[in-house]
Structure formats: structure tokens, C-alpha cells
Amino acid sequence: MNKEELKKRLQQAWQQAGLAWKRLQPAGLHLATWLKRRWWIPSILVALACGALVYALSVRDGILRERLAAVLASQREKGLDIHIGESGFAGLSTVRFRDISVVPRNRDTLLTLEECYVSIRIIPLLFGNLRLDELSVRDGLLHLVRRDSVTNIDFFLKRKPAADTADTDIGGTESLAAGTTSASTDIGALAHRLLTRALYRIPDNMEVRNFLLQIDDDSLKAEILAKEVRMVNEKLESTFVLNRGEATWHLSGRVEPSDRQLNLRFYADDRKFEMPYLYDKYQLKLSFDDITTSMEEVRYENGELAIKGSWGVNGLLINHPKIATGDVYVESASVDALMRFGTNWVSLDSTSTASLKDIHFHPYLKYTLRPQKIYELGIHSEDMEAQAFFDSFPRGLFETLEGMKVKGQLSYHLDFKLNDSIPDSLTFHSALVPHDFEITKFGRVDFRKINGPFVQTPYAGGKALTSFTLGPSNPDFTPLDQISDYLKDAVNTAEDGNFFGHQGFNEDAFRSSIALNYKTREFERGGSTISMQLVKNVFLDRQKTVARKLEELMIVWLIEHEHLVSKERMYEVYLNVIEWGPEIYVIGPSSELYFSKTPAELSLAESIYLASIVPSPARFSWHWNGDGTIRSSRHWYYKLIRDIMLRRNWITDAEAGNYFYGLRLNGPAEVWVAGNSTEGAEEPDTLDFILPPEDWLYNDSF
């Protein structure tokens, strides 16, 4: 379009606008004339508005007193005594309260507040509803007390009787808090209602000064002073002081209740945020640079609530004896999440993305409450740079891998599903998938060291017990080809039926272990393969921490998938490195200790005995009577292992028929057992045989 055409179109548009105005002028004059002739109509409207305002002002005090009286009476019935010294309007819509106290029945005072100003909205008040516009609080104390397991907030924690929850049910379904057992729980509607109420109670403007939270527990005392909290035009700024100056914290960001959005950051002044009393109570050291959270979108459709938001942490440091022996440091971690709440279920949607420094993956969580409890977990990642994967490990989590250099790509996939009613149908699949993966430089430990002679030093409680060489220079070391086939096959059957067929992990066996442990609600059975036991004995200490278990799994994967050590060498080292008795290592001295034989001379029954003590070698004496014969309570186990070996054609029918012949403790251990007989004593539960999963025992794919 050229300039002339543009000019022409603008002129036409201007002319059309002029014509339209001329047409509207008569209508405007007509309206003005109509209002002039009927001046009494707007006058009546103004009068009615003024009358309504006067009426509202005249009845507002009565409505306020009535509503307060109802609330106070209701709380007294629940065991909560609320006292308000003064109350009344201090302006058109501002209510002032003074000298407030909240005291649970037969408990310490929970709350005291010197002064509180609340600006309410007049129109909702006329209908009996209190809605906050502005809030100002000054000089308050929230005192949380716990003495001898009794707290002054336990009235909040008590479940309401079913009859008392009728008004909180939605569509005839139960309230989660009530804990009733109706056929349906509308979690989506309940979550939407709670979220709406929480946002509904956030005032547009707020100011809090000198509000003290005091915690007085049997094992914990702390004070957190809200020195100042201000929210103006949806912008939040706050300052909190811990223990009278020990630390200063801040919570800042934006809160937009009407739009159902928020964006907050929590951090400390010039230092990491930390809560030292967590260590005193839970032996947990926890600190971080900052935590951020946001709620970006809330949707409620067809009974399903969806909340889109994010959480993130920087500079996280964790130290707990169950997690690791030292500090675990996470440089950065975050999750962009979509949470969903529906009828009888809640989930973290698989479109969510979690990040740990430079690696990203998609987590999925779902808990179904009814008609059957179902737990689901999924983790999936696209191909990622292998070096970024290793560099993103939290520092202190995988100590032996620190400094490792690799190339290629990796992806990880986990699928888990457990139905509470049928645990044996458990779904479990975990795989770290390599793509052109290669180790170019080992970290602190070269895992190939076990291919040749090396010095082994077992530890217990952080202290070295002894040291010995695994190799020809040690006369006690026994090569694999000089060990009885009976022993090799018996240990293989009892500890890891498919050791030579898997790549370090036996998913079927692990699945069976999880199902059994879930059914019994106890740790009945582990899932460690021989590969995992070898790594734990050779490369790691005996600390039972989450970090050590994860490190064990990672090392096993590297050794098996990169073929750093042959299966035969792994098994040879395993039989020579595990403990066979109280601080008795290497198979040579062990067979001598019990039977005065070399490993090559061991019989079938003797081999099964040695396999049976691997889970608990320090308590070997409980397997024997004082006269050196095996306890009758152990016979079933010997027969079980024998039958499996027979079915796998590892022994003949003749060997199976005479397997128990001549079994007797006749080495140096015989004297010790005779002098320390436990015959007739009750056997401790911890010495019961820990059988591997049926998949290991009956797997014939060797």
C-alpha cells in the first residue's frame, strides 16, 4: 500500500467516524432530556445508596459482635478459650482488636496478641461473611509447647468424628482429615477447597511487627522473631531473626491471591540458611543458600485440580549418619512440576522436569487411595552427556568416582508400581543405558585393580581390622580352579543363582525381595548380588548409609557394563575376600578352621554349611551342637540347597543321596564350640537363614 492509498483510507475512516457521531448526538440529547424530565429517578437511586450505607454503618457493630460471639462459642466447644479485650470499628471498614489470648483447655497459652487491625469488606459483611482487605498485627507471641509428649496444639491434630465432618464433605464424600472409610475420597475437590480458603484469607495488604514464635520442646528450644512482614500491592518483604540475633532470614517475592499466583524466595543474610537445632533433635545438619518456589497456574475442571509450579534450592548441604558419613553438597536442584489431584488419587505429572545441576529428567509419582492402594513411581531421561551426568553427582555422595572422566551419552529409566492388595504383581524395572560410553580416566579408585594382586583391608566402625594380600604371594589365597565345585555351586545357589548370567543386578530377585518385605512390613530379604557384595567388600567401607548403597550400585554398573573384570575373576576374589567367621577371611584358612581341609577337599554338606554362614559368619557357633554335629533346625536348608543343585545337574543323584554323610565340625572351631556351647539356648532371630528370593534359588538360566 502506497502513501496515497493510505491517505485516502484514513480520510474515509474519519468521515465514517464523523457520521457515526452525528447519528449518536440525537440519542445523547434524547437521554439527557429524559433524565432532565425524570430527575427524581437518579435522586432516588442516590438516596437509596446513602440509606444502604447508613444502615450498614448502623448495624455493622451488631453483626460484628454476633459473628465474634458465634466464633468464640464454637471454639470453646472445641476446647479453645479465646479472649478479646477490646473490639470495634476504628474507621469505615477497619476493625480493631486488643489484648487477644488463645488458650487450649488444660494447656499452656498458645497465642497472645497486643493489637490487631483488620480492614474488612462491608458488602460481604452484610451477608455474614468476614473478608480481609488489610491486616496489621503488632507485638504477638505464638508459643508452641511440648512436654512429655503433650502439646498445646494437639487440638489441631485430633481427628474429627464422622458426624462432625458432614459439613466439610464435598458431594457426599469424606474429608481426608476425618480419616473415615467411605467408598470415595474426592481429593481434587478437597484440595481445591483448602487452596481456595488459604488464598481467600490472604489480605491484599499486610503489616506484621514484632511477632515472636517460641518453641519449647523437651529437646528443642528456639525463638523466631518476625521483626517485620510487609505486603503492599502484592509485593512481600519480610525479616525474621533467629534466637535473638543468631541469624537473620528473609522471605520475599510476590503473592497474588486473586490470580492464584505466587513467587517467593527464602534466604539468610550474608550466610547459608541453617537450623542448628535440627542436629540436636534429629542429628541432621541442613543448610542452603536459598530456596525458591512459585505457583504459576491453578485449574479446577471436572473435579480435578491441577497446580503448575516450581521449587528450587541452591547450595544445599546435608549431613546425617543415615545418609552419608560426611557432608553431601548439592550445587543446585529444581523441579518444574505439575501436580494433579483427582477422585481418590494425587500425582506428580510425567510432564514435570527435575534438574540436578546439569542433568534433567522427568519424574512421575502417583498415589491411588481407592478402591485399592497403588503406589507408582517413574523416572525417565533423554540422552544426556555422560560427563555432565557424573559431574552433577552431589559432592560427597560418590567419593570413589570423584574426578572420573568419561565420554558418550547415558539415559536412565525407572518404572515401579505396587498394588497394596497384590504385592506379588509388583512392577520394577531400572536401567542406566549407555550410548558409546567409555571411561577415559578413573577417579579416586581404579576398579580394575582387582584383576591383579592387591591388598585388602576390612574395616568395622571406621577402624581397620586386618590386612591381607589377594594374590599368589599370600599362601592362604586359593585360585578359583583349586576350590571345590561343591562350594562354588553352593555359594552361587544360596547368594546369587544367576551370577554368571546377569550384569550385576537381578531385577526379578529384587522385585521379589521388595514384595516380600512389603508384605511382612519387615526387612526379610535383601537384593544384593555377588557383584554388589564384592564391590561393598573391596571398594567401600561397611557404613550402612544411603550414599554407600548408591555408590555400590554405580560401581557395579561400571564394572559389569564396561567389562572391567571377568566374572571368573570376580567370583575368585569374592570367595577369598568375604568373611567366613569372626574376622576370618580368605577361603583357605576358613575351610581349615571348620573342617581341617583345603578348599579343594570340601564335601557337598561342608560346602552347603559354608554357604549358609555367609549372611552371618560371626555367629557360626549357633549352627552347631556342642558335640560338633549340625543342629536339626538347619537340616531343611541343607536339603533345599541340595535339591536345587540336583535340578541344575550340578550334582548327581548319588551325590544327592549321600550329601549329609560325614558332616561334622572337626577343625579348630570344634574346640571353641565345645567350650562355648549354645545348645538348648534360644536362637536369636537375626541368625535365622536369610534366604535369597525364589528367583535366585530356582533360576535355571545359569
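Select helix 8 (485-495) and helix 12 (567-577) in this predicted model. The axes of helix 8 and helix 12 come within 12 Å and cross at roughly 90°. That angle makes helix 8 roughly perpendicular to helix 12. To display the contact itself, show Leu487, Lys488, Val491, Asn492 and Glu495 on helix 8, together with Tyr571, Tyr574 and Leu575 on helix 12. By residue class, this contact of helix 8 with helix 12 consists of five nonpolar residues, one polar residue and two charged residues.

**Helix 10**

Keep both helices displayed and add helix 10, which spans residues 530-539. Which elements cover its buried residues? The cover includes helix 8 and helix 12, and also strand 23 (454-456) and helix 11 (546-561). Eight of the ten residues of helix 10 are buried, so helix 10 is largely enclosed by the rest of the structure. To see the buried set, select Ile530, Ser531, Met532, Gln533, Leu534 and Val535, and then add Val538 and Phe539.

**Helix 14**

Next, move to helix 14, residues 604-612. How many of its nine residues are buried? The count is nine of the nine, so helix 14 is largely enclosed by the rest of the structure. The buried residues include Glu606, Ser607 and Ser612, as well as Leu604, Ile608, Tyr609 and Leu610. Ala605 and Ala611 are buried too. Helix 8 appears again here, among the elements that cover the buried residues of helix 14. Others to display around helix 14 include strand 27 (579-581), helix 13 (587-595), helix 15 (635-647) and helix 16 (653-657).

**Glu115**

Now centre the view on Glu115, in strand 3 (residues 111-120). Is Glu115 buried or exposed? Its relative accessibility is 9%, which is why Glu115 counts as buried. Two arginine side chains should be shown with it. The side chain of Arg138 makes a polar contact of 2.9 Å with that of Glu115, and the side chain of Arg96 makes one of 3.1 Å. Leaving aside residues up to four places away in sequence, Glu115 touches Arg96, Phe97 and Arg98, along with Ser136, Val137 and Arg138.

**Arg265**

Continue to Arg265, located in strand 10 (residues 261-268). Arg265 counts as partly exposed because its relative accessibility is 35%. With which side chain does the side chain of Arg265 make a polar contact? The partner is Asp290, at 3.0 Å. Asp290 also belongs to the set of residues that Arg265 touches when those up to four places away in sequence are not counted; the others are His250, Leu251, Ser252, Ile291 and Thr292. For a distance check, pick the C-alpha atoms of Arg265 and Arg254: these residues are eleven apart in sequence, and the two atoms lie 9.4 Å apart in space.

**The whole chain**

Finally, zoom out to the complete protein chain. Colouring by secondary structure brings up 18 helices and 28 strands. Of the 702 residues, 42% count as buried. The chain exposes about 37,600 Å², and carbon and sulfur atoms supply 54% of that area. In a contact map restricted to residues at least 6 apart in sequence, 59% of the contacts join residues at least 24 apart.

Terms used. Residues are numbered from 1 along each chain as its sequence is written. This is a predicted model: local features need pLDDT of at least 70, side-chain atom pairs count only at pLDDT 80 or more; totals for chains, interfaces and linings use all residues. Side-chain values use heavy atoms; hydrogens and water are left out. Helices (H or I, at least four residues) and strands (E, at least two) are DSSP runs, numbered from the N terminus. Buried means under 20% relative accessible area, exposed over 50%, partly exposed in between (1.4 Å probe, protein chains only). Contact means heavy atoms within 4.5 Å. Accessible areas come from the Shrake-Rupley method with a 1.4 Å probe; for residues, only the protein chains shown count as cover. A polar contact is a pair of N or O atoms within 3.5 Å; within protein, one must be able to donate a hydrogen and the other to accept it, and residues adjacent in sequence count only if both atoms are side-chain atoms. Axes are lines fitted to C-alpha atoms, for helices over the stretch in contact, and angles run from 0 to 180 degrees between N-to-C directions. Angles under 35 degrees count as roughly parallel, over 145 as roughly antiparallel, 65 to 115 as roughly perpendicular and the rest as oblique. Ala, Val, Leu, Ile, Met, Phe, Trp, Tyr, Cys and Pro count as nonpolar, Asp, Glu, Lys and Arg as charged, and the others, Gly among them, as polar.
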